[in-house]
Protein chains: 6
Amino acid sequence: MAAKFFAYFIVFVALFSVAKSDPDLLQDICVAEATAGVKVNGFACKNDAVVTEADFFFSGLAKPAVINNTVGSVVTAANVVQIPGLNTLGVSLSRIDYLPGGLNPPHTHPRATEIIFVLEGELDGLVHFQKNNGHEPASVIAGFNSQFPGTQSIAATLFASTPAVPDNVLTKAFQVGTKEVIKIKSRLAPKKS
Amino acid sequence: MAAKFFAYFIVFVALFSVAKSDPDLLQDICVAEATAGVKVNGFACKNDAVVTEADFFFSGLAKPAVINNTVGSVVTAANVVQIPGLNTLGVSLSRIDYLPGGLNPPHTHPRATEIIFVLEGELDGLVHFQKNNGHEPASVIAGFNSQFPGTQSIAATLFASTPAVPDNVLTKAFQVGTKEVIKIKSRLAPKKS
Amino acid sequence: MAAKFFAYFIVFVALFSVAKSDPDLLQDICVAEATAGVKVNGFACKNDAVVTEADFFFSGLAKPAVINNTVGSVVTAANVVQIPGLNTLGVSLSRIDYLPGGLNPPHTHPRATEIIFVLEGELDGLVHFQKNNGHEPASVIAGFNSQFPGTQSIAATLFASTPAVPDNVLTKAFQVGTKEVIKIKSRLAPKKS
Amino acid sequence: MAAKFFAYFIVFVALFSVAKSDPDLLQDICVAEATAGVKVNGFACKNDAVVTEADFFFSGLAKPAVINNTVGSVVTAANVVQIPGLNTLGVSLSRIDYLPGGLNPPHTHPRATEIIFVLEGELDGLVHFQKNNGHEPASVIAGFNSQFPGTQSIAATLFASTPAVPDNVLTKAFQVGTKEVIKIKSRLAPKKS
Amino acid sequence: MAAKFFAYFIVFVALFSVAKSDPDLLQDICVAEATAGVKVNGFACKNDAVVTEADFFFSGLAKPAVINNTVGSVVTAANVVQIPGLNTLGVSLSRIDYLPGGLNPPHTHPRATEIIFVLEGELDGLVHFQKNNGHEPASVIAGFNSQFPGTQSIAATLFASTPAVPDNVLTKAFQVGTKEVIKIKSRLAPKKS
Amino acid sequence: MAAKFFAYFIVFVALFSVAKSDPDLLQDICVAEATAGVKVNGFACKNDAVVTEADFFFSGLAKPAVINNTVGSVVTAANVVQIPGLNTLGVSLSRIDYLPGGLNPPHTHPRATEIIFVLEGELDGLVHFQKNNGHEPASVIAGFNSQFPGTQSIAATLFASTPAVPDNVLTKAFQVGTKEVIKIKSRLAPKKS
């Protein structure tokens, strides 16, 4: 199907995303025990006796994030890592804030489908990224059908991962010269502090 | 597990809800064909040639709903019925608006888990309902891991369904007299216009 | 769909239940290790060397239960708690016995669909409860597509849980006065011994 | 794991069966439309307007079947074919009646796990068959986590299918001579009427 | 459906197999920790710090196996036991090599569907076994949608398991005399060394 | 987890891929009816009466493909489109052939995990692509846990889709100038014939 159907929509069937779903739960709750000695698919469960309200609450999405990077947008996740009570529940949220001109670069969520609610501003929502082409900040809430959707920036994965994707693979894939590949790699390289 | 853990949370593991998940999709998109002659689990798919942007967009959650009912809250759904493009994607949203004192009464979503983002106001969010005990209106966005979560008001299902649940079942279940049951039934009966 | 279709049936698509299914198993058996130090979705598996026939057998459904309560019915479960061998198998049974006039009050199974086989007697099986309106005892076997379906009494959840659902939520939900709510709460309160 | 653990159990983890589960439902009900022009995974749904109580009820398990065959047992199914309302619900039942000495021969349910409730009599329940070694008739109710579990007799599949499994495959698999294979085939051949 | 459709195919919808699927993964990788103290559905995960390339690589399918048995074929598995990195990934392979006249006897994979790629030679691929009726060796690669499909030889399960299936069950199932059953059992009995 | 673990492996946990699984089947077979008037999730089923052996067989993977393109590799799919019998079975294969120096460019399978068997040659198998750095042709068979895995070239999706991803999105994502973006777009543009 051609991609043209997807401009300015609220449901992001991102070209690299999927509608998969987490396995169903087998008990009422299974609050993630992040420090469990045993690692399993998802997380082991806390003992019920130490589960508290705080395991189901997260205030980190309430306010816009401070945006201080090259692309002009910040994603704040509210998944099983931030909310242990989400473990085995198959759902999570993110908040994305954009400066004017800010871009949430092309990316993929390998374990979830995404649906977007625009909190404020206007977005040129396109196929698999969102860009704030307006003059005001913008913010959205994204819902996912996974407790831990995963997110991978396509550019960073190809040009800034370790071990590096060899230059001759990238020149062949993007049909450019080695010079351009090296240039992109240097720009996307993690900043040394 | 005792229910006390759930006060004031953002994740609603409603006592009557579940973390089930829709079946996975088998192609890129399958936009619901609401008028298809054939009915299947979910919906049959539109022909790709007639799919448009509008199948993935819904503006109905952008503004608070007008609240004009006894309980003081309105739920506006954005599921596969409003957004045909959600078919086979396993995700949907709702917006709930509350007057001061407004209540989203005890209910269940038989096919989804719910996660709540508070847009404005303060809610006494409790186990399986939400109540706005503040002096200002409140609004939330609810994310679901189903294209069609379903919603059933517990009070209406028991006291206002057709055919009626017999009075002697309700007196036994709630341990009250027939008089009280008849009273509740009359109050919850659908208004005749 | 109107509820009238469901009177006197053998398949209980209870209004608050769902047809979800447990995750598939990944090995031949995984007998629940109830005392495992680690808690996971479902149960960890016993070492095969200590698995015995007894892990797959349960005689507790063979005879009618003694019924000695207000509602006149008793549910005897045969799920993963009673039969550890059911772990990861996605199936379980219950037996429900009813005195004449006995009621299995409105309830929900959050993780399973239920199908009923009537062992003896006649039941006014209605939407989401069963009542023995005959003059003889009645018994049924219920099959579930989950190793641990869960069961929640609607009345008890709303009027007898801890922490209590506030009175003003219940008055608004059921459209009755505080007096009636307090009355129901007192009747449904767990007996102190 | 050795098979010896499974003698005399109530849960049949038949050696050829599996704990798979049907896909989850996407609406309240989807009663099978057996005569639909379109065939899909499972069944297309009847129009709600023509759904009746009868779609959810089946009296065929109420009484023992007449047993009139070589093996001395009869299986009466109550799956989506007999109860159209089971479509998308992921659950079904069977009743099996046995004469004294009757055998439910080794078989497999390719799409379900089975759990057995003994209605009357005693069964030498063994790994993947059941035999009534007592002097009285016996009956069981079997629960499945599928709307259509499927059943295949191992002997008939190998020795009486069309097209026939070649003799030299069977002699090699069972390490017997062609004479024995031909003998078994003739005994298991469908009776001509 | 009659079995005749399946002769000479590449997709094996084996009569005793199923298309079930493993539960979805909840993180990027969960390499099986075979020696974990805790046993779960599938396997617990290794600590990421000790995961290496070797967890995702297996050279055991590269060459034909030495065939030295009665049936003239050998199955070499490449599932989660050989490749720990397959844990939670829902996929695996096998290689099957056949002498001229070799047979992969009737069997079942209780947790997977199988698809076959013929590496060399010709197979009389039939319903639920494969036989090399040619004059040259043959080899295939089989793909499965499970990390651990399981395999059970039908003949061995019925005639060579411990505890033994009673003779009178087998005589009734296969409609032969006790003498034939005893003969088959002796031929299929595990060799004592 | 760092990507370095994945060099030279046989299991491709491609960075953009997932281990999702198709929904389980509900009957023995459901051969895809490609020309069905009704479109559903996956495909509607052919009438059994017109199912033939050919629906389960595909000879298209038997020989290396002719390679005549810029990247030096060709993928030949054997999924539900080529083998209608795969419908509802959750499994498929592909063959990939590489010239010396050939590259299967970075890509994603949105609905499946992939496992690779090397038929001949040597591949620098890296994270999410494969390159034949040897002097001889190479070929692999890839197994998938989906009847229709989907494949998307990352470069083509970003630089050659319609409608085009705006230049200023790509300059920001890859941190290059407009000139480089236009250059890549022109190189990757579909050839006009």
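Student: A:E114, buried or exposed?

Tutor: In this predicted model, A:E114 is buried, with a relative accessible area of 2%.

Student: Which strand is A:E114 found in?

Tutor: A:E114 belongs to strand β6 of chain A.

Student: And which side chain does the side chain of A:E114 join in a polar contact?

Tutor: That of A:H109, at 3.2 Å. The side chain of A:H109 also has a polar contact of 3.2 Å with that of A:H107. A:H109 therefore links to A:E114 and to A:H107 while counting as buried, at 5% relative accessibility.

Student: Where is the place of A:H109 in chain A?

Tutor: A:H109 sits in the loop between β5 (107-108) and β6 (114-120) of chain A.

Student: What feature does UniProt place at A:H109?

Tutor: The unreviewed UniProt entry gives "binding site" for A:H107, A:H109, A:E114 and A:H128. That label comes from the record.

Student: Let me step back to the whole chain. How many helices and strands does chain A come to?

Tutor: Three helices and ten strands. Along the sequence the pattern is β-β-β-β-β-β-β-β-β-β-α-α-α, with the strands preceding the helices.

Student: What share of chain A counts as buried?

Tutor: Of its 193 residues, 61% are buried. The accessible surface of chain A is about 7200 Å², and carbon and sulfur atoms account for 57% of that surface.

Student: Among contacts in chain A between residues at least 6 apart in sequence, what percentage join residues at least 24 apart?

Tutor: The figure is 68%.

Student: Changing topic: how many salt bridges does a search of the whole structure find?

Tutor: The search gives 30 salt bridges over all chains. One of them joins the side chains of A:D97 and A:R95, with an N to O distance of 2.9 Å.

Student: A:D97, buried or exposed?

Tutor: A:D97 is buried, at a relative accessible area of 2%. Its partner A:R95 is buried as well, at 4%.

Student: What does B:D97 form with B:R95?

Tutor: B:D97 and B:R95 form a salt bridge, and their closest N and O atoms are 2.9 Å apart. Both B:D97 and B:R95 are buried.

Student: Which residue forms a salt bridge with B:K185?

Tutor: B:D167, with the closest N and O atoms 2.7 Å apart. Because B:K185 lies in helix α3 (residues 178-188) of chain B and B:D167 in helix α2 (residues 167-174) of chain B, this pair ties together parts that are 18 residues apart in sequence. B:K185 is buried at a relative accessible area of 16%, whereas B:D167 counts as partly exposed at 27%.

Student: What about helix α2 in chain E, which are its buried residues?

Tutor: Helix α2 (residues 167-174) of chain E has E:V169, E:L170, E:T171, E:A173 and E:F174 as its buried residues.

Student: What do the buried residues of α2(E) pack against?

Tutor: Elements of two chains. From chain D they are β4 (103-104), β8 (129-131), α1 (154-159) and α3 (178-188). From chain E they are α1 (154-159) and α3 (178-188).

Student: What phi does E:Q175 take?

Tutor: E:Q175, just after α2(E), takes a positive phi of about 60 degrees.

Student: Staying with chain E, what order does the open sheet of three strands have?

Tutor: The order is β4-β8-β7 (chain E), with antiparallel pairing. β4 (103-104) and β7 (124-125) of chain E stand at the edges with a single partner strand each, so one side of each lacks a neighbour in the sheet.

Student: How many bridges pair β7(E) and strand β8 of chain E?

Tutor: Two bridges, in the antiparallel sense, pair β7(E) with strand β8 (residues 130-131) of chain E. Within this pairing, E:G125 stands opposite E:Q130 in β8(E).

Student: Last topic: where is the place of F:S92?

Tutor: F:S92 is in strand β3 (residues 92-98) of chain F, and F:S92 is buried at a relative accessible area of 1%.

Student: Which backbone oxygen does the side chain of F:S92 reach?

Tutor: The side chain of F:S92 reaches the backbone oxygen of F:S146, at 2.8 Å. Not counting residues up to four places away in sequence, the residues that F:S92 touches include F:A78, F:F144, F:P149 and, from chain E, E:I115.

Technical notes:
Residues numbered from 1 in each chain as written. Chains lettered and ligands numbered in written order. Predicted model: local features only at pLDDT ≥ 70, side-chain atom pairs only at ≥ 80, totals over all residues. Heavy atoms only, no water. Buried < 20%, exposed > 50% of the residue type's maximum accessible area, 1.4 Å probe, protein only. Helix = DSSP H or I, 4+ residues; strand = E, 2+ residues; numbered from the N terminus. Contact = heavy atoms within 4.5 Å. Salt bridge = Lys/Arg side-chain N within 4 Å of Asp/Glu carboxyl O. UniProt positions renumbered as here; feature names shortened; annotations may be inferred. Polar contact = N/O pair within 3.5 Å; in protein donor to acceptor, adjacent residues only side chain to side chain. Areas by Shrake-Rupley, 256 points an atom, 1.4 Å probe, with all protein chains shown as cover. Pairing = 2+ DSSP bridges.
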